[in-house]
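Colleague: I would like to go through this model slowly with you, one question at a time. Could you show it to me before we begin?

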Amino acid sequence: MPGRESAFRWLSKAEPPPRLVDWSLFVLICVEVITGFVSFTLGTPEGWPIFWIHRIVGLGLIVLLIFKLRRVRYRLLNREQWQPSTLLSVLTTIAAGGALITGIVWVFGLDIRISYWTLLSVHVGFGLALFILLIPHMWTRFHPPRRVDFTTRRAALQYSGLLIGGAVVYRLQEAINRRFATPGADRRFTGSQPRTGQGNGSFPVTSWVADNPEPIDREAWHLQIIGHVQQPIELSYQELTGQADVDALLDCTSGWYTEQTWGGYRVADLLAAAGGETAAGQWVRFVSVTGYRWSLPIDEAKETIVATHVGGEQLSHGHGAPLRLVAPGRRGFQWVKWVTRIEVRSENDPAQWLVTLISGF
Ligand SMILES: Nc1nc2c(c(=O)[nH]1)N[C@H]1C(S)=C(S)[C@@H](COP(=O)(O)O)O[C@H]1N2
Ligand SMILES: [Mo]
């Protein structure tokens with residue numbers, strides 16, 4: 001087959017030196033882990049470059065991985081060549097392949113669910129596994145980077161080709177998705193897919209594994225407004241004040257978004273009911289009955305509402321009844337459900353990152 005042969009010859013010609021491939025894989029996987037993580041904190045369109053870097057670098061990784069697998073295929077396929085470290089190599093390959101395939105399938109809008117994990121969550125799982133496996137994998141076959149591999153004109157060309165090629169392929173994909181009106185065509189810049197309709201039933205309930213409180217009795221429930229306020233207070237459901245409706249988009253990092261009309265109370269008015277913040281009050285922390293919490297800078301917090309209703313319906317338990325934070329421009333995990341306390345504080349709260357993961361335990 002002459003076509004096949006010439007393709008191989010072309011591939012051999014384009015092949016960068018082994019160390020350049022290996023170290024590039026390492027660097028680009030680090031870029032993916034970092035951009036992937038940062039992307040989860042971005043909810044406004046100014047964040048788009050991070051998502052684009054993640055996509056283009058992901059496509060570049062496919063090419064590098066082909067070079068790499070072509071080079072090591074004898075070691076992987078010949079039994080006599082197997083060593084204990086081969087298992088690690090195989091697992092690393094599976095994690096890399098899994099992350100790339102789930103990423104690509106997601107882009108085309110398919111969502112194959114594995115129990116309640118969306119495909120995007122599975123993608124994150126593969127990515128984290130890859131990162132964890134990569135370190136011992138490199139350890140077992142360590143070759144220090146060599147300057148000469150990286151500083152040639154050829155390497156610069158190969159890198160540019162990889163990144164420009166990635167951008168072109170991603171653009172092409174957008175055109176294909178639009179042309180065939182796939183579910184992937186309606187993805188937001190964050191990659192999330194739409195959930196349409198209004199009200200409790202039109203979008204999923206998404207809570208962390210263990211953050212699953214008993215339904216809350218509205219009549220017994222109170223909202224505390226405490227911390228750096230003139231007059232700490234406790235309000236019953238009927239005493240909430242500053243009624244307002246807002247249209248806001250909830251974008252969950254598990255890969256879906258929904259636009260809803262939220263009915264509730266302005267945080268600015270609730271703070272005013274406590275006499276307003278004192279001079280030390282810089283942050284507002286929203287705390288759930290489960291301990292789950294998130295803080296916003298006070299100026300941003302004053303622009304938000306805490307909602308009792310969605311799409312004209314009273315919030316269901318799963319969606320955070322009786323009261324949940326609506327934080328436009330923030331990702332879903334920051335929209336604290338089952339809020340029972342609003343604390344004005346002098347400082348941000350870095351521990352919230354950990355608490356959101358484990359609050360239910
Ligand atoms: N207390 C609490 N609030 C929470 C969560 C949680 O697990 N516990 N999950 C967050 C996540 S990850 C998202 S995407 C939204 C989902 O809101 P929904 O369940 O109404 O769709 O709530 C956020 N608020
Ligand atoms: Mo989420």
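Colleague: In which helix is Gln173 found?

Modeller: This is a predicted model, and in it Gln173 lies within the run of residues 153-179. That run is helix 7.

Colleague: Is Gln173 buried or exposed?

Modeller: The relative accessibility of Gln173 is 8%, and a residue is called buried when this value is under 20%. Because 8% falls under that cut-off, Gln173 counts as buried.

Colleague: Which side chain makes a polar contact with the side chain of Gln173?

Modeller: Two polar partners can be named here, and they should be kept apart. A polar atom of the Gln173 side chain lies 2.9 Å from Tyr170, but the atom of Tyr170 involved is the backbone oxygen. The contact from side chain to side chain, at 2.6 Å, is made with Asn177.

Colleague: Leaving out residues up to four places away in sequence, which residues does Gln173 touch?

Modeller: Tyr170 and Asn177 have already been named as polar partners of Gln173. Once residues up to four places away in sequence are not counted, the residues that Gln173 touches are Val107, Phe108 and Arg187.

Colleague: Where is Trp52, and with which residues is Trp52 in contact beyond its neighbours within four places in sequence?

Modeller: Trp52 has its place in helix 3, residues 48-77, and is buried, with a relative accessible area of 16%. Leaving aside neighbours within four places in sequence, Trp52 is in contact with Ala167, Tyr170, Arg171 and Glu174.

Colleague: Which residues touch the most other members of the largest nonpolar core?

Modeller: The largest nonpolar core has 42 residues, and its largest share, four residues, comes from strand 8, residues 305-310. As general background, nonpolar side chains in soluble globular proteins tend to be buried together. The members that touch the most others in this core are Ile225, Trp262 and Phe286.

Colleague: How many residues make up the second, separate core?

Modeller: Apart from the largest core there is another one, which includes Leu28, Ala95, Leu100 and Leu162. These are named as examples, and the full number of residues in this second core is 19.

Colleague: Which residues are the closest to ligand 1?

Modeller: Ligand 1 is surrounded by 22 residues, and this shell divides into 12 nonpolar, seven polar and three charged residues. Among the 22, the closest are Pro204, Thr206, Asp211, His319 and Lys337.

Colleague: How far is an oxygen atom of ligand 1 from an N or O atom in the side chain of Lys337?

Modeller: It helps to set this pair beside two others. A backbone N or O atom of Thr206 lies 2.8 Å from an oxygen atom of ligand 1, while an N or O atom in the side chain of Ser288 is 3.2 Å from a nitrogen atom of ligand 1. For the side chain of Lys337 and an oxygen atom of ligand 1, the distance is 2.5 Å.

Colleague: How much of the accessible area of ligand 1 does the protein cover?

Modeller: The comparison starts from ligand 1 on its own, which has 530 Å² of accessible area. Of that area, the share covered by the protein is 99%.

Colleague: Is Gln334 buried or exposed?

Modeller: Gln334 is found in the loop between strand 10 (324-326) and strand 11 (339-345), where Gln334 touches Trp294 and Leu325, not counting residues up to four places away in sequence. The relative accessibility of Gln334 is 2%, so this residue counts as buried.

Colleague: What is the phi of Trp338, and what is that of Ala181?

Modeller: Most residues other than glycine have a negative phi. Trp338, in the loop between strand 10 and strand 11, and Ala181, in the loop between helix 7 and strand 1, both have a positive phi although neither is a glycine. Trp338 counts as buried at 3% relative accessibility, whereas Ala181 counts as exposed at 63%. The phi of Trp338 is about 55 degrees, and that of Ala181 is about 45 degrees.

Colleague: Which residues are joined by a cis peptide bond?

Modeller: Most peptide bonds are trans. The cis bond has an omega of about 5 degrees, and one of its partners, Pro322, lies in the loop between strand 9 (313-314) and strand 10. The residues joined by this bond are Ala321 and Pro322.

Notes
Residues are numbered from 1 along each chain as its sequence is written. Chains are lettered from A and ligands numbered from 1 in the order in which they are written. This is a predicted model: local features need pLDDT of at least 70, side-chain atom pairs count only at pLDDT 80 or more; totals for chains, interfaces and linings use all residues. Side-chain values use heavy atoms; hydrogens and water are left out. A nonpolar core is a set of buried Ala, Val, Leu, Ile, Met, Phe, Trp, Tyr and Cys residues joined through side-chain atoms within 4.5 Å. Buried means under 20% relative accessible area, exposed over 50%, partly exposed in between (1.4 Å probe, protein chains only). Helices (H or I, at least four residues) and strands (E, at least two) are DSSP runs, numbered from the N terminus. A residue is near a molecule or strand if one of its heavy atoms lies within 4 Å of it. A polar contact is a pair of N or O atoms within 3.5 Å; within protein, one must be able to donate a hydrogen and the other to accept it, and residues adjacent in sequence count only if both atoms are side-chain atoms. Accessible areas come from the Shrake-Rupley method with a 1.4 Å probe; for residues, only the protein chains shown count as cover. Ala, Val, Leu, Ile, Met, Phe, Trp, Tyr, Cys and Pro count as nonpolar, Asp, Glu, Lys and Arg as charged, and the others, Gly among them, as polar. Contact means heavy atoms within 4.5 Å.
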